[in-house]
Amino acid sequence: MTTNETATRVQQALDRLHSLPDPRARQWGQEAVRALLELYGAGLERMLDCVHKASPALLDELAKDPLVSSLMVVHNLHPWSVLDRIEQALEGVRPYLRSHAGDVRLLEYAEGVVRLSLEGTCHGCPSSSVTMKLAVEKAIMEAVPEALRIQVEGQAEQPEVMHGDWLPVAETVPPGEVTSTVLSGQSVVLCRVGGQVFAWADRCPGGDHGLRGSTMRQAVLVCGACGRKFDVRKAGRCLDADLQLSPLPLRQETEHVLVAVPA
């Protein structure tokens, strides 16, 4: 089971705990969770102190591990400041951005809000700048899970999409289902998580097959052909391998969902 799947199970268990009808059961369950967190936090703090005394360089290596880093953040034990973690995350994503002639700059971090400037010019299909923005957001949220919001002050320029190229989706996109359609001769799949709709090119990066017949498990799209799982809210990142879906620009209007497909 992957780290993301484990985190999802934990959140589901906590949601069920908070929904218990008996207030005493909720109180006892919440107290048990707090006690466990305090116990593991105290143990983690003691171990990190030992590591720091023995080898500060090893502590830095541990801080680079996504799972260990997230536990450090939960217990307020991370050796790097929030700004250092943001800059580290941006450095990790810059090679990808620069391959699309783009770049990113941190403007400010205040009251849980990360303000960024996404700069440069994207070349290629209209989804390039969307993919770049999602890649930056994913990197920041993994490095700074305590961030409340990411605000992009200036998005990278993208190939101009004329109004006529924004195509309305005739099919309804019900929550919890994967909907397929054809726009301008190209197959597109859509799904809805809460009130937000997502659109993807109908191609699974795990093989030479489409995504039709796929299903949704909360915010995870499960490919109907190969069974690979993709986190819809994290730019279509695969939970089973280093793969990612291809997002398409999408606008939600009062009466329509509009999608721009590459020419």
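## A tour from D202 to the strands and helices

Select D202 to begin: this residue is buried, with a relative accessible area of 17%. Buried means under 20% relative accessible area, exposed means over 50%, and partly exposed lies in between, with a 1.4 Å probe and protein chains only. The areas come from the Shrake-Rupley method with a 1.4 Å probe, and for residues only the protein chains shown count as cover.

The structure is a predicted model, in which local features need pLDDT of at least 70, side-chain atom pairs count only at pLDDT 80 or more, and totals for chains, interfaces and linings use all residues. Residues are numbered from 1 along each chain as its sequence is written, and side-chain values use heavy atoms, with hydrogens and water left out.

**Around D202**

D202 sits in the loop between β7 (196-201) and β8 (215-217). Strands (E, at least two residues) and helices (H or I, at least four) are DSSP runs, numbered from the N terminus. Add L211 to the selection: the side chain of D202 reaches the backbone nitrogen of L211 at 2.5 Å. This is a polar contact, meaning a pair of N or O atoms within 3.5 Å; within protein, one must be able to donate a hydrogen and the other to accept it, and residues adjacent in sequence count only if both atoms are side-chain atoms.

**The β5-β6 hairpin**

Next, select residues 178-183, strand β5. T179, T181 and L183 make up its covered face, while V178, S180 and V182 are on the uncovered one. Now extend the selection to β6, residues 186-193. The two strands pair in the antiparallel sense over 6 bridges; strands count as paired if DSSP finds at least two bridges between them. One place to check the register is V182, whose bridge partner in β6 is S187.

What lies between the two strands of this hairpin? There are 2 residues between β5 and β6, and S184 in the turn has a positive phi of about 50°. S184 is not a glycine, and at 58% relative accessibility it counts as exposed. Most residues other than glycine have a negative phi.

**T172 and T179**

Move back along the chain to T172, in the loop between β4 (166-168) and β5. Is T172 buried or exposed? Its relative accessibility is 65%, so T172 counts as exposed. T179, in strand β5, is buried at 11%. Show both residues: the backbone oxygen of T172 lies 3.5 Å from a polar atom of the side chain of T179. Then pick R192, which is 20 residues from T172 along the chain; the C-alpha atoms of T172 and R192 are separated by 10.0 Å.

**Strand β13 and its neighbours**

Select residues 257-260, strand β13. Both of its faces are covered, with V257 and V259 buried on one side and L258 and A260 buried on the other. β4 and β13 run antiparallel and are joined by 3 bridges; within this pairing, W166 has A260 as its bridge partner. Strand β12 (residues 250-252) is likewise joined to β13 by 3 bridges, running antiparallel. Here L250 is partnered with V259.

**Helix α4**

Go to helix α4, residues 66-74, and colour S69, M72 and V73, which are buried. Seen down the axis of α4, the buried residues fall within an arc of 100°, so they line one face of the helix. The arc is that of the directions from the helix axis to the C-beta atoms. An α-helix has 3.6 residues a turn, so residues three or four places apart point the same way.

At the start of α4, select D65: one of its side-chain oxygens reaches to within 3.1 Å of the backbone nitrogen of L67. After the helix comes N76, whose phi is positive, near 55°.

**Three further stops**

L90 is in helix α5 (residues 82-99) and is buried, with a relative accessible area of 0%. Add I140, 50 residues away along the chain: the C-alpha atoms of L90 and I140 are separated by 7.4 Å.

E111 lies in the loop between β1 (102-110) and β2 (113-120). Its phi is near 55°, a positive value in a residue other than glycine, and E111 is exposed, with a relative accessible area of 78%.

End at Y40, in helix α2 (residues 23-54). Y40 counts as exposed at 58% relative accessibility. With L36 and L39, Y40 makes a nonpolar surface patch of about 350 Å². Patches are made of residues with over 30% relative accessible area and no salt bridge; like charges are joined within 9 Å, and nonpolar side chains (Val, Leu, Ile, Met, Phe, Trp, Tyr) within 5 Å. A salt bridge is a side-chain nitrogen of Lys or Arg within 4 Å of a carboxyl oxygen of Asp or Glu.
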